[in-house]
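Let's walk through this structure together, one step at a time. Have a look at the model first, and then we will begin with a term that helps in reading it.

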Amino acid sequence: MKQNKILLLAAMLFLSVSTASAQDAEALFDAKCAMCHIKTRPADISTLTAPPLMGIMRHVKMRYPDKKKAVAFISDYALDPSSTKAVCMPQKIQRFGLMPSQKGNVTQSELKTISEWMYDNFPPAGFRGGQGQGMRTF
Ligand code: HEC
């Protein structure tokens with residue numbers, strides 16, 4: 001009896017940890033990534049310190065349309081960024097510098113949650129990139 005209860009508790013704990021909701025995922029993005037990657041269309045691109053999320057995801061999906069591959073790419077890039085892996089336009093690295101590795105800042109499992117949320121929600125419908133708005137860098 002007691003053992004059953006413990007098992008049930010363990011199962012509940014496992015479920016609550018393994019099924020992060022979209023809200024939790026966005027909160028994680030806010031805590032770990034949003035200080036550099038804004039989620040909205042920038043009003044003033046001169047104040048940006050990194051490409052906005054919608055621009056990043058447009059380029060990621062152009063290279064990796066498959067969700068699994070996109071999630072793997074984002075998770076890897078966040079911990080181990082390099083100019084040879086980057087899928088965004090080279091002007092981005094020229095303008096903003098290479099992204100600093102987020103090792104120690106975010107875990108593999110948090111990155112999986114964050115990347116899946118990024119893939120599912122960005123870019124927003126109808127987004128065609130920053131070109132034409134004088135936003136060649138995103
Ligand atoms: C300190 C600022 C900073 C933080 C924090 C940050 N990034 Fe970045 N990120 C950058 C900059 C700058 C670039 C553009 C240069 C580059 O691509 O390396 C970038 C680019 C990227 C790219 C595009 C890479 C490409 O192919 O060009 C991805 C994907 C990305 N970031 C994911 C993340 C995720 C996920 C997080 C949160 C875990 C995060 N970033 C946190 C600064 C940051």
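A residue is called buried if its relative accessible area is under 20%, exposed if over 50%, and partly exposed in between, using a 1.4 Å probe and protein chains only. H37 has 13% relative accessibility, so H37 counts as buried. M99, at 25%, is partly exposed.

Before going further, a word on the source: this is a predicted model, where local features need pLDDT of at least 70, side-chain atom pairs count only at pLDDT 80 or more, and totals for chains, interfaces and linings use all residues. Residues are numbered from 1 along each chain as its sequence is written, and side-chain values use heavy atoms, leaving out hydrogens and water.

Now find the iron atom of the ligand. Its protein donors (N, O and S atoms within 2.8 Å of the metal, or 3.2 Å for Na, K and Ca, with water not among the atoms) are H37, through NE2, and M99, through SD, lying 2.0 to 2.1 Å from it. The pair links distant parts of the chain, 62 residues apart: H37 sits in the loop between α2 (22–32) and α3 (53–63), and M99 in the loop between α5 (90–96) and α6 (108–121). Helices here are DSSP runs (H or I) of at least four residues, numbered from the N terminus.

What else does H37 meet? Its side chain reaches the backbone oxygen of P51 at 2.8 Å. Contact means heavy atoms within 4.5 Å, and, leaving aside residues up to four places away in sequence, H37 touches F29, A50, P51, L53, I56 and M99.

Definitions and conventions. Helices (H or I, at least four residues) and strands (E, at least two) are DSSP runs, numbered from the N terminus. A polar contact is a pair of N or O atoms within 3.5 Å; within protein, one must be able to donate a hydrogen and the other to accept it, and residues adjacent in sequence count only if both atoms are side-chain atoms.
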